[in-house]
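Trainee: Here's the one I'd like to go through with you. Start wherever you like.

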Amino acid sequence: MPTPDPRARHQDLVQEIEAHRAAYYGDDAPTVSDAEYDALERELRELEAQHPELADPDSPTQTVGSAGAPTGFASVKHRERMMSLDNAFTLAEIEAWLARVGREAGDHEIVCEPKIDGLSISLTYENGTLTQGITRGDGTTGEDVTANVRTIAGLPHTLHGTPPAVVEIRGEVFLPVEAFEQLNAALVEEGKPPYANPRNTAAGSLRQKDHTVTASRPLAVTTYALGALDWGTATPDPRVDTQAGIYEVLAEWGLPVSDAARTLRGIGPIEDYLATLEAKRHAMVYEIDGAVLKVNSRAVQRELGSTSRAPRWAIAYKFPPEEVHTTLEDIRVDVGRTGRVTPYGVMTPTLVAGSTVTFATLHNAHEVARKGVLIGDTVVLRKAGDVIPEIVGPVVAARTGKETPWTMPTECPSCGATLAQQKEGDKDLRCPNAEFCPAQIVDRIAFIGSRGAFDVEVLGERAAAALVEAGVLANEAGLFDLTEADLARVPLFTLESDSKKDGVERKAGDVSTNGLRLLANLATAKQQPLWRVIVSLSIRHVGPSASRALATEFGSMDAIRAADGATLAAVEGVGAVIAESVLAWFEVPWHVEIVDRWAAAGVRMEDERDESVERTLEGLTIVATGSLENFSRDGVKEAIISRGGKASSSVSKNTDYVVVGANAGSKAAKAEELGVRVLNEAQFQALLDGGPGAIG
């Protein structure tokens, strides 16, 4: 391949970036993800660094945002220019920035705060009264959206105290995530295209020509900086000499500020802050895409100065991208173990959050309609950490007119049964043929082998399908009765040719090593605790938490089967809905046959209570998060339950302790927010051994 001409590539990049800027800033309708835009801008910077002659003052690397196309709003010049920020994408780049600051100005405190994904705004107050609201625009000139800004709840029209004669206050207008979801649902219901993300929704809302439309949107604002400042006859407040002090002053004036800002010194505490912020990014009221780091001293800020577009005393740290744009090639449905028929998107394979994604759930037909996606759409795809990939919504601006709507099938794609709601008002459609639907049977058998159920190695979806297709299993009832003779009828578990291993000769058609492992693992699984048996029955609504609660309360399958609805519902963690589901499940003859055949095959149906284990956690609710050295995920729960405690999966005001291990996520932050005591592993062990008194 010939080497691309640097000048031609530079021109292509500039044109592409400017087009994306116009779509993002001017139309509030971006056609690429932030990560894709950042990659283009970064390539341009690297190209200009290698070929300085290509850089000029009009390059996107030297300018701020975009003034965009005329919108009907008056153009207004900022009293003091609004700059952009340089980006860092790795901790090494943050460390390098700190080192540069240190070399030029010495070691200083750094203020760290969330980088809200919203629309930058400049608010002018004269003698304490809000007189103007201006978008950032190109940094020098923005749009006058004063009438719309005045409709934002929580933004004071008059400042408290004794403010300056004139002050520009910089902030970020955003739409809370929950409000964004509600707004999109309403738009789709009205037959209108949904917004792609909260940022563009906020921008579009603030730039409505009819300010009553803006007023109908629950916009919010957070302020974080000062622009032009003239104290007039008021006494200057010395606190504005630091960034942290500015937040104090803004709050005293009645302006909303972030409660997540921290003043830190050194790379260690800063890295810890960034890690904590990233872990709880999805638990925040607004969307964030990173953090902003600023030198605290404003005198040092002035000393460090700025480039043509960004201050040298601040930098934005961008989290690894969790959202990308890709093409929704098709929508298909999957039939699960409980009969639920779930639509899922088939997309052009794309890398997001460290893995290539081709499929993403769409939950149900109602959700497909709510999101407003069409087959052929460019869609926003999100994969937050290790969660299941999710289609956020369509990029409406990228539509060509060739996209087509999707219709939910009326018949089960596996067995042909007519799909139906299980009860009136249910958003999910289900296949009612639970006993004979091949897809449901295979999925239930595969689930039995999963880690959350019997944990049978080798028994995955492929093995389950092979056992059913060969006619060895009609359903899960005969699973623990399987023999070598049965597996010899399953091609997946037989040898294709003669072989000799470790001196043992084996013939084609003999059961393979994997087949023998499956039988051995099934034999071991028979001794699993009762809660795993209950989970493996695939009773609707009965997951691990409810199964543990039932096993702890009743101790045996016979006792559960003998209990009435009121007794079941009275168990903490069960309730009326789960109790009704359990009763209904045991009323079906082929369900009862599963339990009876498993019991006859030797599956343990009763837990042996170890009376020697002291119940040190009686009445306590404990949440464990992160990786512990001496406990597996299930081991933590077993340890809590065996001592009389409740192992919960979510942190609330009723939680007594949160046990935190390595790589703890947002639950640790939630505990801190609610004032719930956090324990390390050593403290947790002490709690197990001696109860609350052992940890003070």
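Mentor: Let's settle the words first: two strands pair if DSSP finds at least two bridges between them. Helices (H or I, at least four residues) and strands (E, at least two) are DSSP runs, numbered from the N terminus. This is a predicted model, in which local features need pLDDT of at least 70 and side-chain atom pairs count only at pLDDT 80 or more, while totals for chains, interfaces and linings use all residues. Residues are numbered from 1 along each chain as its sequence is written, and side-chain values use heavy atoms, with hydrogens and water left out.

Trainee: Okay. What is the strand order in the open sheet of four strands?

Mentor: The order is S21-S20-S22-S23, and the pairing is parallel. Strand S21 (646-648) and S23 are the edges; each has a single partner strand, so one side of each is left without a neighbour in the sheet. On average, neighbouring strands are turned by 30° against each other, direction ignored.

Trainee: How many bridges join S22 to S23?

Mentor: Three, with the two strands running parallel. Val659 stands opposite Leu679 in S23.

Trainee: And which strands does H22 lie across?

Mentor: H22 lies across S20 and S21, at about 145° to S21. Such angles run from 0 to 180 degrees between N-to-C directions, with axes as lines fitted to C-alpha atoms, for helices over the stretch in contact. Contact means heavy atoms within 4.5 Å.

Trainee: Let's try H24. Which of its residues are buried?

Mentor: In helix H24 (residues 681-690) they are Glu681, Phe684, Leu687 and Leu688. Seen down the axis, these buried residues fall within an arc of 115°, so they line one face of H24. Buried means under 20% relative accessible area, exposed over 50%, and partly exposed in between (1.4 Å probe, protein chains only). The arc is that of the directions from the helix axis to the C-beta atoms.

Trainee: Why would spaced-out residues point the same way?

Mentor: An α-helix has 3.6 residues a turn, so residues three or four places apart point the same way.

Trainee: What covers that face of H24?

Mentor: The cover includes strand S20 (621-625), helix H22 (633-642), strand S22 (657-660) and strand S23 (677-679).

Trainee: What happens at the two ends of H24?

Mentor: At the start, a side-chain oxygen of Asn680 reaches to within 3.2 Å of the backbone nitrogen of Ala682. That is a polar contact: a pair of N or O atoms within 3.5 Å, where within protein one must be able to donate a hydrogen and the other to accept it, and residues adjacent in sequence count only if both atoms are side-chain atoms. After H24 comes Gly691, with a positive phi near 80°.

Trainee: Switching topic: how is the sheet of five strands ordered?

Mentor: That open sheet runs S2-S11-S10-S3-S9, with mixed pairing. Strand S2 (87-88) and strand S9 (262-264) are the edge strands, each pairing on one side only. S2 runs parallel to strand S11 (residues 314-318), joined by two bridges, and Ala88 stands opposite Tyr317 in S11.

Trainee: Which helices pack there?

Mentor: Helix H3 (residues 91-105) lies across S2, strand S3 (110-116), strand S10 (288-295) and S11, running at about 170° to S11. Helix H8 (residues 243-252) packs on the sheet too, touching S3, S9 and S10, and its direction makes about 55° with that of S3.

Trainee: How many disulfides are there?

Mentor: Zero, taking a disulfide as a pair of cysteine sulfur atoms within 2.5 Å. For Cys431, the closest cysteine sulfur is 3.5 Å away, in Cys415, which is too far for a bond. Cys431 is buried, at 4% relative accessible area, and Cys112 is buried at 0%.

Trainee: Where does Thr494 sit?

Mentor: Thr494 is in the loop between helix H14 (484-487) and strand S18 (499-501). Its relative accessibility is 15%, so it counts as buried. A polar atom of the Thr494 side chain lies 3.2 Å from the backbone oxygen of Pro491. Beyond neighbours within four places in sequence, Thr494 has contacts including Leu487, Gly509 and Asp510.

Trainee: Last one: how much of the protein is buried?

Mentor: Buried residues make up 49% of the 696 residues. The protein has 24 helices and 23 strands, and its C-alpha trace spans about 90 × 65 × 60 Å along the principal axes.
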